[in-house]
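Here is a structure to look through for the first time. The questions and answers that follow take up its sheets, its helices and a few single residues.

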Amino acid sequence: MPTQRAGVWIILISEERYTVTMFVIDVSMSMGKMREVELPSEDGKPRTVQMTNLDWIMQFVKLKVQEMIFHNRKTDMCGVILAGSDETKNQINDSRPEEYYNVVEYIKIAHPTPATLTQLSRLKPSKETNGDPLDGLIVAIDAQNKFLASKPSWTRKLILVTDGENPIETAEYKQTVEAMNNNKVVTSIVGIDFDDEKIGYEEENKPEIKRLVEKFWRDKFVGKLDDGLFATCSYALRECATPEVKETRSSLLNQVLRFGEPTDDPDRSIELNVRVSKATAIARPPAMKKFGRINQQESAMDWNDEMGELSTAQYAPVKSRTDHFIKEFGEDKNAQEQPKAIQNEPNVKIELDEDGVPILTDDTTLMTLPENATSIDENTQLAYKYGSEYIPVDKADFSQLQTKKGLDIVGFMPREKFRREWAMGEVYYIWPNSDSGRDQVEFSSIVQAMDEEDLCVIIRMVTGANFAPKLGAAIPRALETLDCLLWVQMPFAEDHRNYTFQSLDTLYNRRGVQLNKHQNIPTDDMLEAMDAYVDSLDLMEIEKDEDGNRFPWFDNLYSYNPALHRVKQALFHAAVSRSLATQPLPPPHPELMKYFEQPKKVMKRSKESLERCKKVFKIKHAPEKATVRKETVLVEDREDEPLLIGPAPVMQKRTPPLIGVSGSATPERKSERSYGGITEDDEEFVRITAADAPSSPEKIKGSPSKYEVDLSTLSSQSKVVTQQEDIKPDIVVGKTSPLEDFRTALADGDIVSEAVSQMADVIKELVTGSQFPNRRKAEILEAMAALRETCLKEDEIVPWNEFLRDLKGSCLSPVPRGNKPFWDAVKKQGKSMTLIGKAEATEAGASAKYAVKNETAAQFFNE
């Protein structure tokens, strides 16, 4: 293996990329024109807000600066140049006063901070000046060249934003383009309402000056650059919202790869110098810091020397400090003996700002310390809590694990035996040493041998002396220019847990007999239907490229964490928006939401198999069930039932047990226990038959759990409830289709009163709810008509009259919320919806005893 094979690659991996970005902002008078910008729609209605062209395009500039602040890279720096300003302040003009007027070096090249965004937010269009943005570009290049005179390897970027409505001087632009190409400046020209073929935008009635300026920037300037980009502002803002993966460069750490023990047996051991770096890094949402108002004098505030204005920053991040205190307790006769001053006392937490000044918790006083409290110092005895007590310990009792820094090879194993669930944590690269050709050759030999034998190596990693060890597996990787290992942490043997679960297709009862048919065992039709449904959901080959080749629908490279990027979008938007009320947070980017919905091709392909599954598994809509207290029923021959069956079925009425002795009463009980209201005999055991059973079993109390019952002699009149019997469910009238549920309940039998009660409650809840479904008004009126007809037919007159009076009061009452329009619709139904009077009840064959007077029913809607 060549000596430079690994070294060149490692240098590329560890190289830091320093970047200086210059922003050239056109603040000419024309940038003060007002425009309407679309906002996220609210309740389906389009929304717009008025702002100047400068404010609109500054959103793009501040988003780019905010991105630098968010990533917090020490290698990112930026500066801001203003073109078309009413003032002139730049280095070229200082040396040549007759040139480059109306150009200001607004922000010097430095690391961006939140103060940078504050300065950018102060920008206003010029009052009487229309400048040349090309002059600002030349000043930016000059400032960049002077700053990077001794840093030729740094990356140079330049972003110019303009409206293109002012004439520019193009006499010597070719020399500028040539200089930018020589310095490899990455340039972006972003214009307001510039024509863009990428998004199909073309401005109507464009002025001739703007058309010529736009053509110059697109064709003559950007077209001649080696690395240039031309875009319109709307497209640039949309691209800023595109989720991006943060790429970080891991620093290389020196490590030693050992095989064997070089100190004890150097002849049969290997020790190589290697480098370790991260291959992946966990991305987490930014930490939400707590800020407190600075309550100090003017001297503690920040002054902007250049602007001569007081900084608007009035908040500072809070530093948290936790102090522990021990409370001295007096003698307590009831207290158990334990070491002195070892008691459970809550911690006292004091929050400080950056200057060490306490933050007021209630704007008036600080947190007070416990009475008789003493701060923990080095002489205080430490203790660990064990249950409700504290056990004093000494640090000397716990010896630290003595470990040696390095990578120790524990052994090799076939790669196919490494289980996927063992991989945990981040992935690390193990590279050969770039300073030793011999180490590179030996390391490459190990990697290539592992690759040929299809092996992985178990490595114990210790990142520092006496640090906690980590166990992991490394697999070989032969890259284009070098060989390396990919190491991932795996659990120790003591941390690995095996969990067993019951079989889904094999079932045994308590006697150990295998069951072939049971409600918990799927049939062949169920298995076949589910297999077809799962196969129809295959996402691996549903997309096609331009050549017709199939590829998976989901790609990890183009999927993003919604929580991470949505929080980032919210932070960026809040940083660049002056008011969230007028400029609310826009919706998530489409790239962030594209994997939230099932592909239409898969939905269409799986529709048939899904319907088959519904039919085979008899899937039906489960209505919302009312909470009803139920009583446990006894089950026949529980030991023959499968283990997977849950608690015994329940029913509303418990079948009484059959107990008794021929010609005598129940034996005398010596002691009794009560379980849920059932009395249990603890000592007497008798054998009974059906012939000995009394004629009125309802009058006998007891439990058959202590009796031996001869089930074979039971008569057909005596019924024992078994687990396979169908138990009548409770009546439930849901909100989705109350009328259908009501009619279904009536068809089941003698449950009219409960069905009427539930129907009345559902109608009232729908009508007086927080969001009345106006589209369901006709449906609810139809349900009320059916309810009234049932009440009249089934002699449930009182529930109907009470329901109608209660509904009237709720609809006409403003508290908590009424529904007068619906009550007006009920009144239009006339006498077919009013109270049930005596005449109407008598005519229907119902009892008129509880009906209202005919006059009351006739005048009910007029009251």
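**Strands, helices and residues**

Q: In which sense do β23 and β24 pair, and over how many bridges?
A: Helices (H or I, at least four residues) and strands (E, at least two) are DSSP runs, numbered from the N terminus, and two strands pair if DSSP finds at least two bridges between them. One of the residues of this pairing is M461, whose bridge partner in β24 is K470. The pairing of β23 with β24 is antiparallel, over 5 bridges.

Q: What kind of model is this, and which atoms are left out of the side-chain values?
A: This is a predicted model, in which local features need pLDDT of at least 70 and side-chain atom pairs count only at pLDDT 80 or more, while totals for chains, interfaces and linings use all residues. Residues are numbered from 1 along each chain as its sequence is written, and side-chain values use heavy atoms, leaving out water and hydrogens.

Q: How many residues make up the hairpin connection between β24 and β25?
A: The strands β24 and β25 run antiparallel and are joined by 7 bridges, and within this pairing P476 has L485 of β25 as its bridge partner. The hairpin leads from β24 to β25 through 4 residues.

Q: What is the order of the 7 strands in the closed barrel?
A: The pairing in this closed barrel is mixed, and from one strand to the next the twist averages 40° (axes are lines fitted to C-alpha atoms, for helices over the stretch in contact, and angles run from 0 to 180 degrees between N-to-C directions). Strand β9 (residues 253-259) pairs with strand β21 (residues 406-414) in the parallel sense over 2 bridges, and R258 has D408 of β21 as its bridge partner. The 7 strands follow the order β9-β10-β22-β25-β24-β23-β21.

Q: Which helix packs on the sheet and touches β9, β10, β21, β22, β23, β24 and β25?
A: Contact here means heavy atoms within 4.5 Å. The strands touched include β10 (270-278), β22 (424-432) and β25 (483-489), and the direction of the helix makes about 70° with that of β25. The helix in question, residues 437-453, is α9.

Q: Which strands stand at the edges of the open sheet of 6 strands?
A: This sheet has the order β5-β4-β1-β6-β7-β8 with mixed pairing. Two of its strands each have a single partner strand, so one side of each is left without a neighbour in the sheet. These edge strands are β5 (103-110) and β8 (228-232).

Q: About what angle does helix α4 make with β5?
A: In the open sheet, neighbouring strands are turned by 15° against each other on average, direction ignored. Helix α4 (residues 114-121) packs on this sheet and touches β1 (19-26), β4 (76-83) and β5. The direction of α4 makes with that of β5 an angle of about 170°.

Q: Which helix lies across β6, β7 and β8?
A: Two of these strands, β6 (residues 155-162) and β7 (residues 185-191), pair in the parallel sense over 7 bridges, with S188 of β7 as the bridge partner of I159. The helix that lies across β6, β7 and β8 spans residues 208-221 and runs at about 145° to β8; it is α7.

Q: Is S606 buried or exposed?
A: Buried means under 20% relative accessible area and exposed over 50%, with partly exposed in between (1.4 Å probe, protein chains only). S606 lies in helix α13 (residues 600-616) and, leaving aside neighbours within four places in sequence, is in contact with Y533, S536, L537 and Q598. Because its relative accessible area is 5%, S606 is buried.

Q: How far apart are the C-alpha atoms of R578 and S121?
A: R578 sits in the loop between α11 (562-576) and α12 (590-593), and it is exposed, with a relative accessible area of 52%. Not counting residues up to four places away in sequence, R578 touches D55, S121, L123 and K124. Although R578 and S121 are 457 residues apart along the chain, their C-alpha atoms are separated by 8.4 Å.

Q: How many disulfides does the structure hold?
A: A disulfide is a pair of cysteine sulfur atoms within 2.5 Å. The number of disulfides held by the structure is 0.
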